[in-house]
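Got the viewer open? Let's take a short walk through a couple of helices, one selection at a time.

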Amino acid sequence: MNTVSIFNDVIGPVMRGPSSSHCAAALRIGRLARDLMDGEITDVLVEFDRAGSLPTTHESQGSDMGLFGGLLGWEADDERLPDSAKALADAGVRLRIETVDVGDPHPNTYRLKLKNNREEHSLIAISTGGGMMEVLSIDGVALHMDGGYHETLIWLPKGTAAAFAADEVIQHDLGDTVLWQIKANTFVPSDLSSPISVKRLSPVLPVPSRKDMRVPFTSCTEMLKHDGSQNTPLWQLAIEYERARGNFTELEVIDKMIAIIRILRKSIASGIAGTSYEDRVLHHQSGRFAELMNAGRLLDGGALNRIVLYVTALMEVKSSMGVIVAAPTAGACAALPGAVIGMAEAMNQNEDEMAKAMLAAGLIGVFIATRWTFAAEVGGCQAEGGSAASMAAAALITLAGGTRDQAIAAASMAFQSMLGLICDPIANRVEAPCLGKNVMAASNALSCANMALANFDPLIPLDEVIDAAKHVSASMPREHRCTSLGGLAITPTSLEIERKLAGLKSKGCGTCACH
């Protein structure tokens, strides 16, 4: 199992697209598939299991866009991504997408069959939430690959002597041949005399994996035991964790988060200034909110009004294919940064303080990702909006100078309030009710932070709340887990909006980002 990193799994990736589970994860899968083919692809067959989430969402929620970009070797924030389908066709790649009945256990399963003029390969991978993914098999051989290592695959005749210096070497017995899977921080040289084939798959994660890596804790309970009576602020515990996970210095961890803060602030400003994109449900609205707020014509919400403005601006940037940061996901990208940046500015705090708050939030996210998931296809919107609210509550406590235990209490209370939240995107787009749920998550975080500062009792420990959410998701019907088959997604108005947007796309609109 991959050890969670704040910058891999929780705060990031920096990306474009409506959904990190769809866009960013699919892009990373595509990048690995491209490497498997040495960058030369003529034919691609993509298969989705009928009982999963992707048959009904792969086009409208960005799986196609991300996967095609990955097959082209692009990054997750590449401005060309909205046109990736055309670019793939222009590159001469023949594409088929089919729905199959194979009983894949994970709802976000990608089955790829790839060809070029020399060879054919297959790859099965899953999107696990927040832009993370895992390769389950290559050419029918069960294996594990999460994009954190340089992976060298060497096929050798059985009985061929081989030795490799690497973090991990795995032999897959294929009868007359052996597949050597070699995980290291660089590709191993292929100086063997008679390899049948050699493939090199580059890492796709910003924080690499490494041998003998140990983190000080992986759950809230373990963290409290580790810290004991020291009552270390949560942001400092987050730095301790990420230093161990990524082999960073304290300054490197803070600088990485400040860089993310600056991306977010730029995106907020561009959202308020105005965004445009044809294939979207909601038009630009945050600018009008800003005008009324600045004129004193809104109800007095104090800093909350600024938070709502920043949340709406970020959601509009996401919907216009602008650059956002999955925090922890694209669908829930706005609640945490909107709350942190909005409140910090209202308190006249600088980017260092914002970064510390985001790190505290990141550590709460580590606990959630380790025990459960951020994927709405698995857990409904409680996995996205609930996680974002919990993380944001801890971040706001950090801005207020609260204690470690108050931050944990706020995170627990905020998550408790979001259990059972379904994912039912209107018109099969990740815009609404996602916008309102992001606003609700940020508002909930602020309320719970203030309650925790007043030492309200959360009653249920955070780890138990996460486990409860996981159990709730097991009882949640597929229709309410990001399939657009239930809730608001199947109302007459939602279906009519979806038909109109499909009509625009059939006329050639909706493929350009005028942002």
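Select residues 335-346 to light up helix H11 (helices are DSSP runs of H or I, at least four residues, numbered from the N terminus). H11 has 12 residues and reaches 16 Å from its first C-alpha to its last, close to the 16 Å expected at 1.5 Å a residue (that is, 1.5 Å times one less than the number of residues).

A quick word on the source: this is a predicted model, where local features need pLDDT of at least 70, side-chain atom pairs count only at pLDDT 80 or more, and totals for chains, interfaces and linings use all residues. Residues are numbered from 1 along each chain as its sequence is written, and side-chain values use heavy atoms, with hydrogens and water left out.

Now show the surroundings. H11 is largely enclosed by the rest of the structure, because 11 of its 12 residues are buried (under 20% relative accessible area, 1.4 Å probe, protein chains only). Among them are Pro337, Ile341, Met343 and Glu345. Add H8 (250-273), H10 (303-319), H12 (351-371), H14 (385-399) and H16 (434-453): the buried residues of H11 pack against these helices (contact means heavy atoms within 4.5 Å). After H11, click on Asn348, whose phi is positive, near 60°.

Next, select H2 (20-36) and H4 (63-71). Their axes (lines fitted to C-alpha atoms over the stretch in contact) come within 6 Å and cross at roughly 30°. That makes H2 roughly parallel to H4 (angles under 35 degrees). Show side chains at the contact, including His22, Leu27 and Arg31 of H2 and Met65, Leu67 and Leu71 of H4.

Terms used. Axes are lines fitted to C-alpha atoms, for helices over the stretch in contact, and angles run from 0 to 180 degrees between N-to-C directions. Helices (H or I, at least four residues) and strands (E, at least two) are DSSP runs, numbered from the N terminus. Angles under 35 degrees count as roughly parallel, over 145 as roughly antiparallel, 65 to 115 as roughly perpendicular and the rest as oblique. Buried means under 20% relative accessible area, exposed over 50%, partly exposed in between (1.4 Å probe, protein chains only).
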